[in-house]
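Trainee: Could we go through some of the helices in this model together? I'd like to understand how the labels are earned.

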Amino acid sequence: SAAGDRPAVGGRVAPPAPRAAGRMGAAQSPAAAGGPPPGSGASAAALSGVTARFHHPYNFLPAPERRVSDPDLGDHEPAGQDRYREDLWTGWIDVCLTTASPLLIPDAGADRAEGHRAYGVRLGTDGRPRLPATSVKGMLRAAFEAATNSRFGVFAEHGTALGFRREASSALNLVPVRLVGGGEGTLVAEEMQFARLPRYVEHPVPYADGGLPQHGDAVVFRVAAGGRGAPRVVAIARRGQTLPGADPLYEGWAVVTNRNISTKRHERVFYRGSRKGCWPVPAAVRQRWRDLIAAYRDPALHSREDVEGRDAGGGRRAAPDEYLGENPGETAWSRHLYSEDALDLHDGSLCYAEFADAGRRELAALFPVSIARDQYDATPADLLHPSLRPARTLAELSPAERVFGWVNPAGPGAWRGSVRVGDVVCCRQDAVTDLGADGLPLAILGQPKPQQARFYVAEDQCGTPLPDGVRASRGLYGPPHGLRGRKVYPHHRGLPAGYWTPHDGQVAGRWREYVRPGRVTDRQNRSVTAWVAPNTSFRFRLHVSNLSACEAGGLLWLLDLGPGHHHRLGGGKPLGFGSVRLDVAGLRLERGRAIAAAYEALGTARPPSPGAASRPQGEGAERAASAVTGMEDARATLVAAFSAAVARTAGLAGDDWRRAPWIRAFLVAATGWDDGIPVHYPRKDAMPKDESYEWFVENNGGQRLALPPLAADPGLPLRTANPRGRAGPGRR
């Protein structure tokens, strides 16, 4: 990775910015965190100064072990929908949703050149934005699931061990080997030594006919006399051909893994040396190889289009082994990412061996390259506490499933839920901002990378971040570790006026993080030709049936969090899009016994119908106003039931319920950080650049920082390399 020392002040290397005390202490002030407050007019130079920091766009809400026996927030069967239950609540809640930042409700989109797509806004028949009720319900379910610390509603595709990039120092413990058939389908790993084969230099070493050695070629070669380290090949020929010269002649096999990093200069030749170790290859090692290659080829990590569809210019697609440039995605791909020959081990495979013991008695794993990826010992599903795993029976339904519905991920079984979202109506005629036919190229939206264990794995089952400086190892995904919790995208707070005016560059010292640097359009990003403008209101009605007091109270609390609190909706949330405020505009909730009494009275002295206006006018207004006042009293009672249940399950006094770890973090995400530090994906400079990969590479070899806790996040530094001459936490 590139050198990344902290800038010097007065000729001295500046120390790293302090983290929050005890990792869970109070967040730093803007000055201590190094980020200028919005509107300060700070220059790019100041932003990239000694303590320049950023908040990561996503973080996690702790999801500790649940009390499944709790009567309110625990697990039990839903109440059913065959009748109104006496003590449960049924009715409707009118909600006003107002956008605080542009809202992306993408339409079908249109193809542009080079795999790029541009999206407008989905419109209804009235020409106004069409916000699907399902999107609103999904937003509410995610918030309710977090606020009640319910089971994860979806946790699919997390049952496979993830891969991670091994540190460069791990190559020192690997032994070059060639596999040979041992009879009856068995394999034996034969120890090799290697010589450096000049390849990506001004004068590579070719065959006599000018061709370059290919992977697996049986060769003879000569090496330069003297020198330090591995010998260097100076002449090479195919096995069976004459190679002139008087120096010692060696036999071996060419190992070509392609120019997969920009600084690579040599390939290798494996040959038998003075060491003669041989080890049987167990079935478990062969299976581990297959799993590793499958992890390498995971489409979320390396898609087929990434490997085989790169643009080489002039309408030509680059071959996987072709080097196009030094940037990520431009270097050549390692052969095991595309070669069918690499899918399984076989007679003649050339690879690197790792051993289970210092005496090299037992083969533990084989790798296709010396600095390889590896796989964690456990899967993410293994780390999720059983009380948080998706429900498998009706008796296991937690509050989120009981209220919003459930489908058994393991087979038959489903529950419709007790909440229905009515039509969502846009209240503003000029709600859509037209961004022109060419559209606005958005910054690249990163895919989830749970293999980054320092961000996704917790030290315990309570979501406590890993300590800084932990080296990547197979055991990071494994006991006693847990998961950080539920991923959220905190609100981008304190953006200066004019931030959402769609232009490049800065506004009041802040970069517009949502615009792709240079307005580049390619298959890595998307453009938008329109968005829903800020301060656009939508109205909808929630219909609820047979909710407990705690369930109804949790829903009411989420629907009216108060000024400055936001939910996230729609696309582009990591870039700041989709912050919305919710307000209760009216409600009518009654216990089942009251509804039964109204039916028994056959309409006599019936309360106002569910369709009545929440703000009555004219005849009967006084009586209706009294009913609404009664609803406010009931609302306070219901929210109190929810807060009491949270306090009880968190082991807190009733008035301290907001200190429950998941509630505290949820409120921080809803309000956003107040320290003025910008929110964006990792990069190594204050000016927007597509450098997320480079930042993680530098962090892996530098300070090895973990993602701080959401509720006490001082931000991450732009530069994570250890200063020269200093033993950082990663140098252990």
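Mentor: Happily; we will take a few labels in turn, keeping in mind that this is a predicted model.

Trainee: What makes α3 oblique to α9?

Mentor: Their packing angle is about 120°, with the axes 10 Å apart. Roughly perpendicular covers 65 to 115 degrees and roughly antiparallel starts over 145, so an angle between those two classes counts as oblique. That is why α3 is called oblique to α9. The crossing of this pair is right-handed.

Trainee: Which residues of α3 and α9 meet?

Mentor: From α3 (residues 133-147), L140, A143, F144 and A147 take part. On the α9 side they meet E551, G554, L555, W557, L558 and L559. By class, that contact has eight nonpolar, one polar and one charged residues. Glycine counts as polar and glutamate as charged, and G554 and E551 are both in the contact.

Trainee: Which residues of α3 are called buried?

Mentor: Buried means under 20% relative accessible area. In α3 the label goes to V136, M139, L140, R141, A143, F144, E145, A146 and A147.

Trainee: How do you know that the length of α4 agrees with what is expected of a helix?

Mentor: At 1.5 Å a residue, its 14 residues should span 20 Å, and the end C-alpha atoms are 20 Å apart, so the two agree.

Trainee: What covers the buried residues of α4?

Mentor: The cover includes the strands β10, β17, β18 and β19. Among the buried residues of α4 are W289, L292 and I293.

Methods
Residues are numbered from 1 along each chain as its sequence is written. This is a predicted model: local features need pLDDT of at least 70, side-chain atom pairs count only at pLDDT 80 or more; totals for chains, interfaces and linings use all residues. Side-chain values use heavy atoms; hydrogens and water are left out. Axes are lines fitted to C-alpha atoms, for helices over the stretch in contact, and angles run from 0 to 180 degrees between N-to-C directions. Helices (H or I, at least four residues) and strands (E, at least two) are DSSP runs, numbered from the N terminus. Angles under 35 degrees count as roughly parallel, over 145 as roughly antiparallel, 65 to 115 as roughly perpendicular and the rest as oblique. A crossing is left-handed if the near helix is turned anticlockwise from the far one by less than a right angle, and right-handed if clockwise. Contact means heavy atoms within 4.5 Å. Buried means under 20% relative accessible area, exposed over 50%, partly exposed in between (1.4 Å probe, protein chains only). The expected span of a helix is 1.5 Å times one less than its number of residues.
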